Amino acid sequence: CVSEFAGFAHEVKAFSANVDFGHIAPDWDFLMENGIVGVLNRLEQKRAENATDPAKTAFYDASILVYNGILALLQRFAQLASSYKTEKMDFVAENLLDLTQKEPQTLAQAMQLTLIYYSIQTYLDCTPVRSLGGLDHLYDPFFQSDLQSGRYTEAQLRELTADFLWKISAMGVVANLPFYICGRDAMGKDLTTGFTRVLLEE
């Protein structure tokens, strides 16, 4: 019995544990590829496909309301960031507004979307996010695109990465902010990316 084992482990000071439910692991790949707008578009499509089912339309209507609310929240955050009238906050505001229109295009936007979605899901929906996913796998396309396009230098992207890691550390979350790097796919292929080293070094 799990409860008996946990009780014994606590008694001998091995570890302390409780039954733990209610966590989720978002589909970060889908979110990075489609953004909030893409999620909303898919919900609207599914709602139309199930228009004759009252239970399903009620679910999709509620979900659409939530994601429209997220877009409105991003717009309000952008307005607030712009009010500071500094270069950094203008950068934040621009990224937020872009995220209300399309999927993330840059590393900064991908990281900003991660932090926003995590916060909304964990603190507003009150369903803690268990993992941020494979960050080197998720962020490498944005990292490479930023470098190849000349939008940002590697030094700038490293500074951004260090700031991101500091931010998730500063949130003080005990157990619900893990992520993974590297690994192998089902065929044994090494999944290390160009961004893996950046994460390790920063």
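**View 1. Arg158, a buried residue of the predicted model, and its salt-bridge partner Glu202.** Arg158 has a relative accessible area of 17% and is therefore classed as buried, in a model that is predicted. Its partner Glu202 reaches 37% and is partly exposed. The side chains of Arg158 and Glu202 meet in a salt bridge, with an N to O distance of 2.9 Å. This pair links distant parts of the chain, the two residues being 44 residues apart. Arg158 belongs to helix 7 (residues 154-170), whereas Glu202 lies in the segment after helix 8 (194-201).

**View 2. The salt-bridge network that includes Arg158 and Glu202.** Arg158 and Glu202 are joined with Glu154, Arg197 and Glu201 into one network. The connection arises through salt bridges that share partners. For the model as a whole, the count of salt bridges comes to seven.

**View 3. The salt bridge between Asp146 and Arg151.** The closest N and O atoms of Asp146 and Arg151 are 2.9 Å apart. The two partners fall into separate accessibility classes: Asp146 is buried, with a relative accessible area of 0%, while Arg151 is partly exposed, with a value of 38%.

**View 4. The salt bridge between Lys46 and Glu49 within helix 2.** The side chains of Lys46 and Glu49 form a salt bridge with an N to O distance of 3.6 Å. Both residues belong to helix 2 (residues 28-49) and are three residues apart, so about one helical turn separates Lys46 from Glu49. Glu49 has a relative accessibility of 47% and counts as partly exposed. Lys46 also counts as partly exposed, at 29% relative accessibility.

**View 5. The surroundings of Gln109 in helix 5.** Gln109 lies in helix 5, which spans residues 107-124. With 3% relative accessibility, Gln109 counts as buried because the limit for this class is under 20%. The side chain of Gln109 makes a polar contact of 3.0 Å with the side chain of Asp98. A polar atom of the Gln109 side chain also lies 2.8 Å from the backbone nitrogen of Gln105. When residues up to four places away in sequence are not counted, Gln109 touches Asn95, Asp98, Leu99, Glu103 and Pro104. Asp98 thus appears both among these neighbours and as a polar partner of the Gln109 side chain.

How values were computed:
Residues numbered from 1 in each chain as written. Predicted model: local features only at pLDDT ≥ 70, side-chain atom pairs only at ≥ 80, totals over all residues. Heavy atoms only, no water. Salt bridge = Lys/Arg side-chain N within 4 Å of Asp/Glu carboxyl O. Helix = DSSP H or I, 4+ residues; strand = E, 2+ residues; numbered from the N terminus. Buried < 20%, exposed > 50% of the residue type's maximum accessible area, 1.4 Å probe, protein only. Polar contact = N/O pair within 3.5 Å; in protein donor to acceptor, adjacent residues only side chain to side chain. Contact = heavy atoms within 4.5 Å.
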